[in-house]
Amino acid sequence: MSRLAVRNAWSAFMICVAAACAGIAALLLAIIVLYVLSKGAGALRPTFFTQIPRPVGIPGGGVANAILGSAEIIALASIAAVPIGTAAGVYLALFGRGRVAASVRFLSDVLTGVPSIAIGVFAYALVVLPARQFSAVSASVALGIIMLPIIVRTTEEAVRLVPHTIREGALALGIPAWKATLLVTVPVARPGITTGVLLAIARVAGESAPLLFTAFGNPQWSVGLTHPIAALPLVIFQYAISPYKDWQQTAWGGALVLIALVFALNLAARVALRSRFAR
Amino acid sequence: MKAARIATLGIVAALAACSGQSDSPATAGSSMTLVGAGSTFVYPFFSRAFDAYQKANPGVTINYQSIGSGGGIQQFTAHTVDFGATDVPMSAKDLSAIEGGRNSIVEFPVALGGVAIAYDVPGAASGLVLSPDVLASIYLGTVKTWSDPRIARLNRSTKLPDLAIVVVHRADASGTTFIFTDYLSAVSAGWKARVGKSKTVSWPAPSSVGMKGNEGVAGQIKNTPGAIGYVELAYALETEMTYASIVNASGAVVAPSIASVRAAAATKPGVDPVDFSIVNASGKAAYPIAGYTWALLYKHYPDTPKQAALCDLFHWVEADGQKLAVGLDYVDIPSAVSARSAAALGPCTL
């Protein structure tokens, strides 16, 4: 065989290997989704979305309080994390120079890597222990901290991608810097920022570890910010390890709802990004 | 900008409404939320009994989280929950973390149950006979397979497979673990010397799996052929597990049941937070691995209505609540014990 033929054969082989790896990655996701679908679809009766859990060992009931609780915790975490995160991201992209900006960037990257359970314990020590009660607020603090660095870095990247010329054009017309930032640069970057926020929400939606000692769980309806609250990942954790068939199926149903939610958020993120290029 | 400001105001108003909703009912006295945590041993009983109490008392909601006895003591000590529940009373060391120690809390039995030795062995129904020595040897890791002659000798009529024994135990700090290791320490000098009794011990068997809560142990046994583990009787009965009969101190082979746990408790009519163990009870009908769950309350709560509500709840648990126990696969606690609990609680008028 000629040298070239060997090279071509080797190249073709490696492409096949790479394609197979890509296939495995896609296949795994497909298997997970199909498996959760097959196990959990049966749990998604109407009562799943409308009723609260029954006492142990009594079949029926639903996880409506956990769905509502998760929504409340995530909404509250977003209300805190989105303004801070986007503002920090804009600062890093447009004004951050030198050591301060570099340290913020570095710390934010480190924060992304901190295990979520550690953040949960932090929220327990910071909020739960002084207040002497488990609460929805403490859970939102934990989730907000997890969301923050994701929003900071995606916002920074999105704002950086806005051409300087647009901003300079605004400044050249005599518009103050703050106005140029808020009314010219940020709107152009908005699809990217939205994507970051949606991905941050998707990241925390399935977190159970930081909720164990903050939200604590609640078998009843509860929306009070200063009371223990139910959350979907907690219910999945509790029910999945239980010996009760009915609960195990409910856990699969909860997992299915979470996957559907994350899928929808990712889809929304894509749509948000695409609208940027459609302009 | 104006729209944004209105939106912000709306969010603030919504938050205020939420927090208002959570605070006002408690202070108004029309609604009260009691938060408790601890024992998973008692969880099926509490879950169903509290549901009955809430139906009879619509103003009260109870949120009990089964995080294990150790977790219950910890959160009770940290004042993050209103009451705790544990299957082993607080030790002197536990109490030293509480201001005022034993004098500032009330500790009394609320439930009575057996610890079933459950297993998943293909071809074996409930009722495999285990002697204290064999059970200790399994957990010490010296009996490694189900076909071991020491097990076979006790179960001549059953053909046991040549399957490795997987020992399942609790991973969290557990009162059920205390009851079980208390029993093993009482019957096996080797266990007492090497491992001892505690809410958490270092498990000597090489092929052992730790799981969280009675729930986790029960789930693990059901999903692992060859597994053996200890769970509260209600878990074994309600999830149709197979479980062993144990040779007791009088040499009788006894299966865990309402009657056999009741017989074990009857051998010790007076239990208190210091002298509480009822394991290795003798008598033809007594099941040797059993124990009480203890409620943990403070003597004084800053929130007076909450104190009254807790007092009422636990008086109910000691009286009407015990009538539900047998239907939920627990044993109603002896009347002498519940009378003393009610006396410890005192009158609820404040």
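This tour moves through a predicted model one selection at a time, beginning with chain A, passing to chain B and ending where the two chains meet.

**Stop 1: chain A as a whole**

Select chain A and show it as a cartoon, and you will find 10 helices and zero strands, so that what you trace from the N terminus onward is an unbroken run of α elements, written α-α-α-α-α-α-α-α-α-α. If you turn the chain along its principal axes, its C-alpha atoms fill a box of roughly 70 × 70 × 35 Å.

**Stop 2: the two domains of chain A**

Next, colour residues 3–43 of chain A as domain 1 and residues 46–277 as domain 2, which is how this chain is divided. The centres of domain 1 and domain 2 of chain A, taken over C-alpha atoms, are separated by 31 Å. Where the two parts touch, 10 residues of domain 1 of chain A are in contact with eight residues of domain 2 of chain A, and the area buried between them is about 720 Å², with carbon and sulfur atoms giving 81% of that area.

Which three residues of domain 1 should you pick out here, as those that supply more of its buried area than any other three? Select A:Val36, A:Lys39 and A:Ala43, which together supply 62% of the area that domain 1 of chain A buries against domain 2 of chain A. Looking for charged partners across this boundary will turn up nothing under the rule used, which finds zero salt bridges between domain 1 and domain 2 of chain A, and the count of residue pairs in polar contact, with both residues at pLDDT 80 or more, is likewise zero. Sorted by class, the side of domain 1 of chain A that touches domain 2 of chain A has seven nonpolar, two polar and one charged residues.

**Stop 3: a salt bridge inside one helix**

Stay in chain A and select helix H6, residues 136–160, where A:Arg160 and A:Glu156 both lie, four residues apart, about one turn of the helix. The side chains of A:Arg160 and A:Glu156 meet in a salt bridge, with 2.8 Å from N to O. A search of the whole structure, over all chains, finds 16 salt bridges.

**Stop 4: the two domains of chain B**

Now hide chain A and colour chain B by domain, giving one colour to domain 1, which is made of residues 2–113 together with 291–345, and another to domain 2, residues 114–290. Their centres, again taken over C-alpha atoms, are separated by 30 Å, and the contact takes 33 residues from domain 1 of chain B and 33 residues from domain 2 of chain B. Between them these two domains bury about 2500 Å², of which 62% is on carbon and sulfur atoms.

How many salt bridges does the rule find across the interface of domain 1 and domain 2 of chain B? There are three. To look at a salt bridge in chain B, show the side chains of B:Asp332 and B:Arg262, which meet at 2.8 Å, N to O. Across the interface of the two domains of chain B the rule also finds 10 residue pairs in polar contact, both residues being at pLDDT 80 or more. On the domain 1 side of this interface, the elements of chain B that give two or more residues are H2, helix H3 (69–77), strand S4 (105–119), strand S12 (290–298) and helix H13 (335–345).

**Stop 5: an aromatic pair in chain B**

Show B:Phe46 and B:Tyr64, which form an edge-to-face aromatic pair, 4.9 Å centre to centre and with 90° between the planes. This pair links distant parts of the chain, since B:Phe46 sits in helix H2 of chain B and B:Tyr64 in strand S2 of chain B, 18 residues apart.

**Stop 6: where chain B meets chain A**

Finally, show both chains again and select their shared surface, where 36 residues of chain B are in contact with 31 residues of chain A. The two chains bury about 2700 Å² between them, 65% of it on carbon and sulfur atoms. Between chain B and chain A the count of salt bridges is zero, while the count of residue pairs in polar contact, both at pLDDT 80 or more, is eight. On chain B, several elements each supply at least two residues of the side that touches chain A, among them helix H1 (2–28), strand S1 (32–38) and helix H9 (213–222). H1 of chain B gives the most to this side, with seven residues. By class, the side of chain B that touches chain A has 13 nonpolar, 16 polar and seven charged residues.

Conventions
Residues numbered from 1 in each chain as written. Chains lettered and ligands numbered in written order. Heavy atoms only, no water. Contact = heavy atoms within 4.5 Å. Buried area = accessible area lost by both parts, 1.4 Å probe. Salt bridge = Lys/Arg side-chain N within 4 Å of Asp/Glu carboxyl O. Polar contact = N/O pair within 3.5 Å; in protein donor to acceptor, adjacent residues only side chain to side chain. Nonpolar A, V, L, I, M, F, W, Y, C, P; charged D, E, K, R; others polar. Domains from an automatic or database assignment. Phe/Tyr/Trp six-rings, centres within 6.5 Å; stacked < 30°, edge-to-face > 60°.
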